[in-house]
Number of protein chains: 2
Amino acid sequence: MRGYAEWMSKLVDALTKLPGIGKKSAERIVFHLLKTNREEVANLSQILLAVKENVSFCKTCHNFSDSELCHICTDAGRDKGLVCVVEDPKDVISVEKTGVFAGVYHVLLGSLSALEGIGPDEIQIAGLLRRVKEQKVREVILATNPNTEGETTALYLSRVLKPLGLKVTRIARGIPVGSHIEYTDQATLSRSLDGRLPI
Amino acid sequence: MRGYAEWMSKLVDALTKLPGIGKKSAERIVFHLLKTNREEVANLSQILLAVKENVSFCKTCHNFSDSELCHICTDAGRDKGLVCVVEDPKDVISVEKTGVFAGVYHVLLGSLSALEGIGPDEIQIAGLLRRVKEQKVREVILATNPNTEGETTALYLSRVLKPLGLKVTRIARGIPVGSHIEYTDQATLSRSLDGRLPI
């Protein structure tokens with residue numbers, strides 16, 4: 001790259017492969033690293049590799065984990081009878097951050113998509129059914145995304161889960177907290193009316 | 001951190017120490033790293049450490065370099081008689097990117113600042129004077145920043161360099177290319193009028 005020494009080119013190249021990091025941000029990071037202490041850089045370098053080496057999927061819920069079972073599945077304080085089904089490990093973090101969910105998760109690692117040819121066998125549905133049958137699951141909360149693929153997946157799951165005699169729920173779709181009815185799209189507002197609750 | 005496994009906390013912590021990376025960006029990077037191939041992560045981890053281990057300052061110009069002399073100082077194609085003085089290694093990259101400068105650099109690694117108590121001995125001025133005396137330097141271009149510290153530094157340098165009998169120039173300050181006179185601040189516009197050139 002113009003203006004770069006070879007070592008700088010290499011590091012900028014490697015950094016710009018990361019999401020959200022352009023050339024300018026990469027340059028700033030390089031200069032920060034050059035000015036910071038050696039330990040901080042060694043630490044970052046080491047953790048990067050360690051995470052890549054050790055982190056894989058939890059055998060039970062398919063969340064990312066650095067051991068056979070993830071920190072949520074092995075937490076004795078979590079309610080194993082309540083399973084929240086999400087599409088992606090990122091969604092686990094989002095739900096965890098709310099701090100209101102005390103159950104466990106099941107990560108599908110995708111969603112049903114006719115367009116992309118992703119059927120029930122391509123995502124982690126079999127494992128969910130096994131869990132529900134083998135463990136005492138009282139309720140499954142379907143927390144897939146409120147888009148075409150997510151709704152399709154939720155519908156499919158509700159159909160295969162309900163016959164197993166447990167409670168199946170879907171997270172509420174409605175107007176986001178802090179937003180305005182005036183600016184809410186029609187689909188969301190319709191859902192919000194349909195999903196009204198007594199106060 | 002709430003919602004994170006321990007390994008994730010550690011990596012997010014290490015990433016958010018980098019400039020321009022907040023928690024959300026760090027999360028995105030972690031998920032990218034988990035999904036990308038092992039080689040890319042190993043490569044990044046390795047380069048980070050290698051750069052920190054090997055990159056120091058060029059003995060001649062004080063630019064960052066992974067060898068005793070930087071890639072610009074060792075380039076036989078560069079005009080050693082023309083020295084561009086900048087405050088920071090970042091500025092070298094900026095000038096290099098223009099592609100119009102064929103001389104060499106001298107990085108001061110700072111600027112004179114009465115407020116912060118930074119005098120001529122705290123920045124790399126002695127080395128510049130030595131270079132000018134020992135090598136056949138025809139012209140020194142003062143490319144310090146057009147702010148109080150940069151202007152002070154340029155003024156000081158011009159005073160100590162001129163008696164050595166070489167040409168000392170200052171980069172032009174004026175309205176940026178592509179901007180509007182209407183929106184240009186008074187100081188810049190004044191400079192731009194003072195620095196007018198025949199066309």
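This is a short talk on how two copies of a chain sit together in one structure.

Okay, hi everyone. Before anything else: this is a predicted model, so please keep that in mind as we go.

Let's start with the two chains, A and B. How does chain A superpose on chain B? A rotation of 180 degrees does the job, with 0.0 Å of shift along its axis and an RMSD of 0.0 Å. The two copies are thus related as by a two-fold rotation axis. If you want to find that axis on screen, look for A:Ser45: in chain A, its C-alpha is the one nearest the axis, at 2.2 Å. And the copies meet through the same surface, because 100% of the interface residues of chain A are interface residues in chain B as well.

Now, chain A on its own. You can see domain 1, running over 6-54, and domain 2, running over 75-171. Taken over C-alpha atoms, the centres of these domains in chain A are 36 Å apart.

Next, the core. The largest nonpolar core has 48 residues. Which helices supply at least two residues each? In chain A, they are α1 (6-16), α2 (23-35) and α3 (38-54), and in chain B they are α1 (6-16), α2 (23-35) and α3 (38-54). The members touching the most other members are Trp7, Leu11 and Leu15 of chain A, together with Trp7, Leu11 and Leu15 of chain B.

Let's zoom in on A:Leu11. Setting aside neighbours within four places in sequence, A:Leu11 contacts A:Val30 and A:Leu33 in chain A, plus B:Leu44, B:Ile47, B:Leu48 and B:Val51 from chain B.

Here's one I'd like you to look at: B:Lys52, in helix α3 of chain B. Is B:Lys52 buried, and which side chain of opposite charge is nearest? Well, B:Lys52 is buried yet has no salt bridge, and the nearest side chain of opposite charge is A:Glu40, 8.4 Å away. A salt bridge would need to be within 4 Å. Again leaving out neighbours within four places in sequence, the contacts of B:Lys52 include A:Leu33, A:Leu34, A:Thr36 and A:Arg38.

That brings us to A:Arg38, which sits in helix α3 of chain A. A:Arg38 touches B:Lys52 and also B:Glu53, not counting residues up to four places away in sequence. With a relative accessibility of 38%, A:Arg38 counts as partly exposed. As for the rest of its chain, A:Arg38 lies 43 Å from A:Ala143, C-alpha to C-alpha, with the pair 105 residues apart in sequence.

That's my tour. Thanks, everyone!

Notes:
Residues are numbered from 1 along each chain as its sequence is written. Chains are lettered from A and ligands numbered from 1 in the order in which they are written. This is a predicted model: local features need pLDDT of at least 70, side-chain atom pairs count only at pLDDT 80 or more; totals for chains, interfaces and linings use all residues. Side-chain values use heavy atoms; hydrogens and water are left out. A nonpolar core is a set of buried Ala, Val, Leu, Ile, Met, Phe, Trp, Tyr and Cys residues joined through side-chain atoms within 4.5 Å. Buried means under 20% relative accessible area, exposed over 50%, partly exposed in between (1.4 Å probe, protein chains only). Helices (H or I, at least four residues) and strands (E, at least two) are DSSP runs, numbered from the N terminus. Contact means heavy atoms within 4.5 Å. Domain bounds come from an automatic or database domain assignment. Lys and Arg count as positive and Asp and Glu as negative; His and the chain ends are not counted. Copies are superposed by least squares on the C-alpha atoms of residues with pLDDT of at least 70 in both.
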